[in-house]
Amino acid sequence: MGTVEETYESEVRRKVTRTSYKIQEDMTDEEVRRKLFAAYVRKASMAGLNGVNGENGRRTSSTTTTTTMTTQAAKLYGKDLSVYDDLDVDTLLSQLSPEEISLLAKEVDPDDNLLPPSQRCSYECEKEPTGPLDRKKLIEHINKQALETPDRPEAKPFVAGVIRGKKWEPPEQSEKEREADEQIAIDMGDEYEHALNDATQEEIIDLAAILGFHSMMNQDQYHASLLNKGQPIGLGWDGVTKATQPKAYPAEPPNLTDIDKTIRQVQEDDHTLTDLNWNNIKNISDEKFESLFEALPENTHLEVLNLTNVGLTDRVALKLAEALERNQTLRVLNMETNFVSPPVIVKIVKALLKSRTIEELRAANQRSQVLGNKIEMEITQLVEANPSLLRLGLHLEYNDARHRVASHLQRNIDRRRREIQEVRCAATIRLPRASLKQNIEVPESISSLSPSPSPQPLTPEPPMSETPEPVAPLSSDPSYPADETPSEPI
């Protein structure tokens, strides 16, 4: 036993020694293996020397740390490690035969990532390669070998209905668990318990559907309960749930709109063309888009323009933005599912500020699904400055932009509703009483409803003079004072 006392200053420095081995190209595999194995033996001896040290005590101060280490003499194969210090490992390995080297290499792992796996693995295949790897033949050989290999014999053969081994039995519940189950039980009364006990399976399923227990049934059971069609046969609690057969919907008919004809109608300002639909028409050339957009500023009858899934790009979308600035009749623009970039969408929204006739704009599902914070804030500011836009179809990711746009659109809708109400009130025609008497005609169907005449004869009205007398306004007129309402019925 020996005691070693080491003193470390506040700044600890550690010396690390790395040893590199140079492998020459003309070295044989046996010589390479000997060198690597010698390095591994040296590494293992150093690790064994460092691993047998134990710490006895430690005294710490503010400036220095003094550690007292008790070192036990390390031994390898019954001898101290100091005996092996003077031995030359390379000389020892050179005295071994190739068979002994291979046996020694199988017992130790060189732990070197630079070695190929074939040299680190203890398994060595002595067979010669039969040729290049054929994956298909290898899989066929494995499958064939698996089918030809007999199964392991069972200690107890399988017999239908006979339990092999020990049958599992649930453990008995403790008193606390039984008391907890009894406390959870709900007393619903004799009437409800009797009704539930005598209920059939179909009635229980109907009750679950009424109470909203969707996880206890499939879709067919739920809809059958709501529509009172009767439960399907074989789909009870213990039945096998099958997937519902999808309904075959006919394909949408192709859009047969004549592009050239509609372009001529827009150029000629045809009053019959108020709704133009080019949705889902493929292979529309840029020249035709440009012809349509160049004719939009001069058109005064087109109100709805649908350009969904027509392959609209930035180049022609900029022409559309220029046309929207000068058009005064277009109300609805739908350009969803195209290849328009976010900056061009901003220019289209900005073009709406000049015309202020567009009430609905839809431009979602473009090339870029996410517009970005900067683009969304620009669109929000442009929408807030637009008093005529009522609906906007865009996917906004940020909550601030969505809330501000929704609030402004709601204010525009409220303002439009108030304007319509004011126009209706201003356009209301106020007729005098005499004109009302002359203009009101009772239909024959209404006059024939009374089977007998009134028992009291009506007082005949005096003949009207040629010069009309001033007529009092109606009582429903808000401008007429309440205390001057005429007593005569109209």
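Start by selecting Val-405: at 6% relative accessibility it counts as buried (under 20% relative accessible area is buried, over 50% exposed, and in between partly exposed, with a 1.4 Å probe and protein chains only). Bear in mind as you click that this is a predicted model, where local features need pLDDT of at least 70, side-chain atom pairs count only at pLDDT 80 or more, and totals for chains, interfaces and linings use all residues. Residues are numbered from 1 along each chain as its sequence is written, and side-chain values use heavy atoms, with hydrogens and water left out.

Val-405 sits in helix H15, residues 399–426. (Helices are DSSP runs of H or I with at least four residues, strands are runs of E with at least two, and both are numbered from the N terminus.) Now show what surrounds the side chain. Not counting residues up to four places away in sequence, Val-405 touches Thr-380, Val-383, Leu-392 and Leu-396; contact here means heavy atoms within 4.5 Å. Put a distance label on Val-383: its C-alpha atom is 6.7 Å from that of Val-405, although the two are 22 residues apart along the chain.

Next, pick Glu-376 in helix H14, residues 373–384. Which side chain of opposite charge is nearest to Glu-376? That would be Arg-402, 6.6 Å away, and Glu-376 is buried yet has no salt bridge. (A salt bridge needs a side-chain nitrogen of Lys or Arg within 4 Å of a carboxyl oxygen of Asp or Glu; Lys and Arg count as positive, Asp and Glu as negative, and His and the chain ends are not counted.) Setting aside neighbours within four places in sequence, the contacts of Glu-376 are Leu-371, His-395, Leu-396, Glu-397, Tyr-398 and Ala-401. Leu-396 is also on the contact list of Val-405.

Time for the rings. A search of the whole structure turns up two aromatic pairs. (Rings of Phe, Tyr and Trp, the last by its six-membered ring, pair if their centres lie within 6.5 Å; planes under 30 degrees apart are stacked, over 60 edge-to-face, and the rest tilted.) Select Trp-278 and Phe-289: this pair is tilted, 6.0 Å centre to centre with 55 degrees between the planes. Trp-278 lies in the loop between strand S6 (275–277) and helix H11 (286–295), and Phe-289 is in H11, so the pair ties together parts eleven residues apart in sequence.

Add Phe-293 to the selection. The ring centres of Phe-289 and Phe-293 are 6.0 Å apart and their planes are at 25 degrees, so this pair is stacked. Both lie in helix H11, four residues apart, about one turn of the helix. Phe-289 is buried at 1% relative accessible area, and Phe-293 is buried at 2%. Together, Trp-278, Phe-289 and Phe-293 make one aromatic cluster.

From Phe-293, step outwards: beyond neighbours within four places in sequence, it contacts Leu-307, Leu-312, Val-316, Lys-319, Leu-320 and Ala-323.

Last stop, the largest nonpolar core, with 50 residues. (Such a core is a set of buried Ala, Val, Leu, Ile, Met, Phe, Trp, Tyr and Cys residues joined through side-chain atoms within 4.5 Å.) Trp-278, Phe-293, Leu-305, Leu-312, Leu-320 and Leu-324 touch the most other members. Colour the elements that give two or more residues to this core: helix H10 (259–267), H11, helix H12 (314–326), helix H13 (342–355), H14 and H15. H13 provides the largest share, seven residues.

Now zoom out: the chain has 17 helices and ten strands, and 23% of its 490 residues count as buried.
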